[in-house]
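Here's a quick walk through one protein model, taking in its packing, its strand pairing and a few backbone oddities. Have the structure open as you read.

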Amino acid sequence: MSDIPLAPFVIDHHQREPSAANLSFLLDAPAGRDGFIRVQDGHLVTPDGERLRIWGVNLTGWTSGSTLLPPKDEAPVWADTLARFGINCVRFHFLDLPRRNEADTRPSGLIDPGPDHTQSFDPEQLDRLDFFVAELKQRGIYTNLNLNVGRTYKAGDHVPDGEAVRIWKGMTFIGERLIELQKDYARDLLTHHNPYTGNEYAHEPAVAIVEIVNENSLQEFWMRNWLRGERTTDSPDIQLDFPPFYARQLDAMYQGWLAENRSEAQLAELRDLAGVAAGEVIPRLRVEQFAEAPTSLFHAEGEFYGAVERTFFLDMKRYLTDELGVESVIVGCADHTYWIPNQPIIAGTSELDVVDGHVYWQHPAIWGARNTPMVDDPLDSTIVKLSRSPVAGKPFTVSEVNHPNPNSSAAEMIPVLAAYAAFQDWDGIFFYTFEPKLQGQYQPHVADNFDITLDPVKMIQMAAGALIFSRADVQPARETVSRSYSAEQVLESMRLPESARPYFTPGFPVSTALRHGLRISSLDGEPTADHGPEQPGPYLADTGELGWYVEDERGGLVTIDTDRTQALVGHVKAHGRSTRHLSADVVNEFCAITLSALDDQPIPRSERLLLTVCSRIENTGAQWNARRTLWETWGEGPTLIEPVTGWLVLTDLQGPIDIQVTPLDGSDRPIGEPLHARRLEIGWEIPLGDPATTQYLLHPVRSAEQAQRLAQGGQQWEFFG
């Protein structure tokens, strides 16, 4: 751990000032101006066929002083803030929760908390949603509407075993009343007329995506040992099967499916293998029976769960598009549990418009070995995990991702993810989560594991990530490697050990995603071939723009080397590597440095550049536990940064006679007078660390006239001109 003293760095969006760091120029306003986002050649495109890469955030309101739906007088502030960082789409998460009261710690959603049911919207909350969507649209920011996320039910909803539904979400695939309520909710929301845009949400071109259900799968529950039909010894009150009503329904559905999809001879064989007499029901398997279960019995049940999911998703999509007239692209559900195989789940969700994934690096639920750098462990990285999901011919989005706090290496997340997502040619990333703050009601510090809103590293890096990914500074891979699975291989993947994660594909090198593009070409075709042994690092992208270097004694380092963005991420000091135009001599043991042109020129000719320099953060007074994995005491404001300290050298720039370096605070205001880079034989040297900041604007001066204008106060004109 570095001995560099921590220093306050406060993000204050309400006090934000105009500056050249504003990336709203990346947005095409208003959102949906020419019509709906659609799918073409396996990617999201605008009506004229131009690629749309979503650089987005989830919107929630978990922490004190935060809100999912800001009041109308504050909505413009938050729409401007999101646009400033190049964010072009927001995922409205947990809208299906009730409006929050004082005793509730959940986000404040749309559901009216008054009645003894969950079937009506709170008028004020709905008006806030309408107004905010219109403000976002005006600035070129699209909307992603989630349907079934966190809804729980009341007696007036008449849901069988309604109290249990809040725990066992998989019942939403099979409960007739639950499916009816999901459709009613979708109808009420999507046919609602927004008075501020003039459109129903079903016909609102600023709504890019509608998601049917969040993190849900019958097959996942089966594989995760949640359908065992017995009680645990540690928690005897927790039933691991569905509640009785849904367990009986699932059993009946299974018997009905078997009768329709297996011959009498096959049914007789299955009963014999299951050890039941003729005419008796064929029981569902328990997870401890998986390994020894006969193939035909195991495959029958696996096929059944897949059929149930596929039927649900296709019926919901038909309802949304055919009956409600929804014109947005439709997502079924995310691939989100990486220690179980995803092929059976993807087989269903890939029949919709977009395939989606969720991943977190060392989620705070991991209490033991966490708070380690991802760059030290490339083969278990979020990049590798997410790369198992994309399907050829389908857009791929990541609708939840984060390096949750506390993590001393969290500065690696955004530049590494943005670079490899662009390399893999994915279509969207939504970080979890952004929480609009209520003026005068929030504390100026990082308040929970996931909220990036006031994070002096992640929030600042969102701008650099937008340039890398949304502007597509990193090129897509030159070669795409395909995985093709037979139907039998998909089913048998469910019996592979956890050590086969994340691909659950024997003979497939895990590092492929760090060298080439990666897609699933078929889930009902030829079995995946053996692609040969794992090749050692360094892991070099086939475009030559990305490198991932890992050495035991030095740790890991990722380099990004493109025309308009270059970066060093990880153990920069230990490796001593450089890119074409960027090298660093820093004191910090771990940091992330990005340099991006803010115009359409390559770095050597750019007139203005954004430099982000980020290391670890802590709240004032935060205390680690004994293993240094979590904060026992969360601390308070202000949030502190470890300033990246030392020097940068920029090389081979074309023609500058000076470089003005303007440190910015957390509201984009200049900190003091501009600094000046020092001309060395090898290039231009920039001092870092004083003042303490995570972002700088660089302005190469190439003429005496330009220098004079800057000296006379024309700096802002130069940045915007």
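## Backbone oddities first

Pro30 sits in the loop between S1 and strand S2 (38–40). One thing to keep in mind throughout: this is a predicted model. The peptide bond leading from Ala29 into Pro30 is cis, with omega near -10°. Further along the chain there is another cis bond, from Gly537 to Pro538, with omega near 5°. Pro538 also has a loop address, between strand S15 (517–522) and strand S16 (539–540). As background, most peptide bonds are trans, and most residues other than glycine have a negative phi.

That second point brings up His158, whose phi is near 55°, a positive value in a residue that isn't glycine. His158 lies in the loop between strand S6 (142–148) and helix H3 (162–165). Is His158 buried or exposed? It counts as exposed, because its relative accessibility is 60% and the cut-off for exposed is over 50%.

Arg628 has a positive phi too, near 55°. You'll find Arg628 in the loop between strand S24 (623–624) and strand S25 (631–633). With a relative accessible area of 30%, Arg628 is partly exposed.

Here are these backbone spots side by side:

| Spot | Value | Loop |
|---|---|---|
| Ala29 to Pro30, cis | omega near -10° | Pro30: between S1 and S2 (38–40) |
| Gly537 to Pro538, cis | omega near 5° | Pro538: between S15 (517–522) and S16 (539–540) |
| His158 | phi near 55° | between S6 (142–148) and H3 (162–165) |
| Arg628 | phi near 55° | between S24 (623–624) and S25 (631–633) |

## A three-stranded sheet

S1, which came up with Pro30, is also part of an open sheet of three strands. The order is S1-S26-S23, and the pairing is antiparallel. S1 and S23 are the edge strands, each pairing on one side only. Strand S1 (residues 7–8) is joined to strand S26 (residues 636–641) by two bridges, and Ala7 stands opposite Ile641 of S26. Strand S23 (residues 617–620) is held to S26 by four bridges, with Thr620 facing Glu636 of S26. In general, strands of a sheet pair through backbone hydrogen bonds.

## Helices and cores

Now for the packing. The largest nonpolar core has 162 residues, and Phe92, Leu190, Leu320 and Phe431 have the most contacts inside it. Which helix gives the largest share of this core? That's H8 (residues 295–323), with twelve residues. A second, separate core has 25 residues, including Leu648, Val661, Ile686 and Leu688.

Leu190 deserves a closer look. Leu190 is one of the buried residues of H4, along with others including Leu178, Ile179, Leu181, Tyr185, Ala186 and Leu189. The buried list for H4 also includes Arg177, Gln182 and Lys183. Helix H4 (residues 176–190) has 15 residues and spans 21 Å from its first C-alpha to its last, close to the 21 Å expected at 1.5 Å a residue. Setting aside neighbours within four places in sequence, the contacts of Leu190 include Leu145, Leu147, Tyr201, Val210, Leu320 and Val326. Glu200 is also among the residues in contact with Leu190.

Finally, look at how H1 (residues 75–84) meets H2 (residues 123–138): their axes come within 9 Å and cross at roughly 35°. The crossing of H1 past H2 is right-handed. H1 makes the contact through Ala75, Pro76, Trp78, Ala79 and Leu82, and H2 through Phe131, Phe132, Glu135 and Leu136.

How values were computed: Residues are numbered from 1 along each chain as its sequence is written. This is a predicted model: local features need pLDDT of at least 70, side-chain atom pairs count only at pLDDT 80 or more; totals for chains, interfaces and linings use all residues. Side-chain values use heavy atoms; hydrogens and water are left out. The expected span of a helix is 1.5 Å times one less than its number of residues. Buried means under 20% relative accessible area, exposed over 50%, partly exposed in between (1.4 Å probe, protein chains only). Two strands pair if DSSP finds at least two bridges between them. A nonpolar core is a set of buried Ala, Val, Leu, Ile, Met, Phe, Trp, Tyr and Cys residues joined through side-chain atoms within 4.5 Å. Contact means heavy atoms within 4.5 Å. Axes are lines fitted to C-alpha atoms, for helices over the stretch in contact, and angles run from 0 to 180 degrees between N-to-C directions. A crossing is left-handed if the near helix is turned anticlockwise from the far one by less than a right angle, and right-handed if clockwise.
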